[in-house]
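Good morning, colleagues. I would like to take a few minutes to go through one chain, from its overall layout down to individual side chains.

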Amino acid sequence: MKLGRKLLPMLVLGNLLLMTNIQAQEVYRARLSPMPTTPQTVTTILGEGEVILTLNGNSLSVDGNFTGMSSAATGAHIHNGPPAQPGPVIHTLEVSQSTEGNVSGTLSLSDEQVEALSKNEFYIQIHSESNPPGELRGWVFLRSHFSDL
């Protein structure tokens, strides 16, 4: 009988911890598209891609792909800036040094960065050999904001 009294509270506590962990995870998405940084690059940038970002507490996992760039990727970053406004680099990502490939990373965000992410103030930018200031860009939004998912 005593085992039953101890087991029920442990099951309730375990269930609450599991539910809290599930609720803490949020999934975000960025659609990468050509984004000219100067008037001269309007006709020279190409490509597209998609990045899925998963936030679990303050840990952000980044996993995506891109294709069709005009030249090989040279770097990728997460920037902090509201939609349509440039912002500073806050994290460097791993990227395939090719015209198509993957972009990824696992990052530890500050509480302020988590808040900025929730306010749609992050974007991902992939830089290339022929467009060092950036060829592909996509703002990060909650995945539920996209109707095709």
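A strand here is a DSSP run of E with at least two residues, and strands are numbered from the N terminus. In that numbering, His77 belongs to strand 4, which covers residues 73–80. Please bear in mind throughout that this is a predicted model.

Let me begin with the overall layout. The chain contains two helices and eight strands. Followed along the sequence, these elements come in the order α-β-β-β-β-β-β-α-β-β. The chain has 149 residues, and 37% of them are buried. Of the contacts between residues at least 6 apart in sequence, 62% connect residues at least 24 apart. The exposed area comes to about 8,600 Å², with carbon and sulfur atoms supplying 57% of it.

I turn next to the interior. The largest nonpolar core has 26 residues. Which of its members touch the most others? They are Leu53, Leu60, Val62, Ile78, Ile124 and Ile126. Let us take Ile124 as an example. Beyond its neighbours within four places in sequence, Ile124 is in contact with several residues, including Leu53, Val62 and Ile78 from that list, and also Ala30, Leu32, Val51 and Leu93. Further contacts of Ile124 include Leu136, Arg137, Gly138 and Val140. His77 is also among the contacts of Ile124.

That brings us back to His77. Is this residue buried or exposed? His77 counts as buried because its relative accessible area is 18%, and the cut-off for buried is under 20%. Its side chain makes a polar contact of 3.0 Å with the side chain of His127. Other residues in contact with His77, again leaving aside those within four places in sequence, include His91, Thr92, Tyr123 and Gln125. Val89 is a contact as well; the C-alpha atoms of His77 and Val89 are 6.2 Å apart, with their positions 12 residues apart in sequence.

Now to charged side chains. How many salt bridges does a search of the whole structure find? The search finds two. In one of them, the side chains of Glu50 and Arg29 meet at 2.4 Å, N to O. This pair links distant parts of the chain, with Glu50 in strand 2, residues 48–56, and Arg29 in strand 1, residues 25–34, a separation of 21 residues. Arg29 is buried, at a relative accessible area of 7%, whereas Glu50 is partly exposed, at 27%. The other salt bridge joins the side chains of Lys119 and Glu115 at 2.9 Å, N to O. Here Lys119 is partly exposed, with a relative accessible area of 48%, and Glu115 is partly exposed too, with 43%.

Glu135 presents another situation. This residue sits in the loop between strand 7, residues 122–128, and strand 8, residues 136–142. Glu135 is buried but has no salt bridge. Where is the nearest side chain of opposite charge? That side chain belongs to Arg137, 12 Å away. What Glu135 does have is polar partners: its side chain reaches the backbone nitrogen of Ser70 at 2.8 Å, and a polar contact of 3.2 Å connects it to the side chain of Asn131.

A brief word on backbone geometry. Most residues other than glycine have a negative phi. Ala84, although not a glycine, has a positive phi of about 70°. Ala84 is located in the loop between strand 4 and strand 5, the latter spanning 89–95, and is exposed, with a relative accessible area of 71%. Asn120 likewise has a positive phi, near 60°. Asn120 lies in the loop between helix 2, residues 111–118, and strand 7. At 18% relative accessibility, Asn120 counts as buried.

Finally, I would draw attention to Thr99, in the loop between strand 5 and strand 6, residues 101–108. Thr99 is partly exposed, at 31% relative accessibility. Not counting residues up to four places away in sequence, Thr99 touches Phe66, Thr67, Gly68, Met69, Ser71 and Ala72. The C-alpha atoms of Thr99 and Leu46 are separated by 9.6 Å, and these two residues are 53 apart along the chain.

Thank you for your attention.

Conventions:
Residues numbered from 1 in each chain as written. Predicted model: local features only at pLDDT ≥ 70, side-chain atom pairs only at ≥ 80, totals over all residues. Heavy atoms only, no water. Helix = DSSP H or I, 4+ residues; strand = E, 2+ residues; numbered from the N terminus. Buried < 20%, exposed > 50% of the residue type's maximum accessible area, 1.4 Å probe, protein only. Contact = heavy atoms within 4.5 Å. Areas by Shrake-Rupley, 256 points an atom, 1.4 Å probe, with all protein chains shown as cover. Lys, Arg positive; Asp, Glu negative; His and termini not counted. Salt bridge = Lys/Arg side-chain N within 4 Å of Asp/Glu carboxyl O. Polar contact = N/O pair within 3.5 Å; in protein donor to acceptor, adjacent residues only side chain to side chain. Core = buried A, V, L, I, M, F, W, Y, C linked by side-chain atoms within 4.5 Å.
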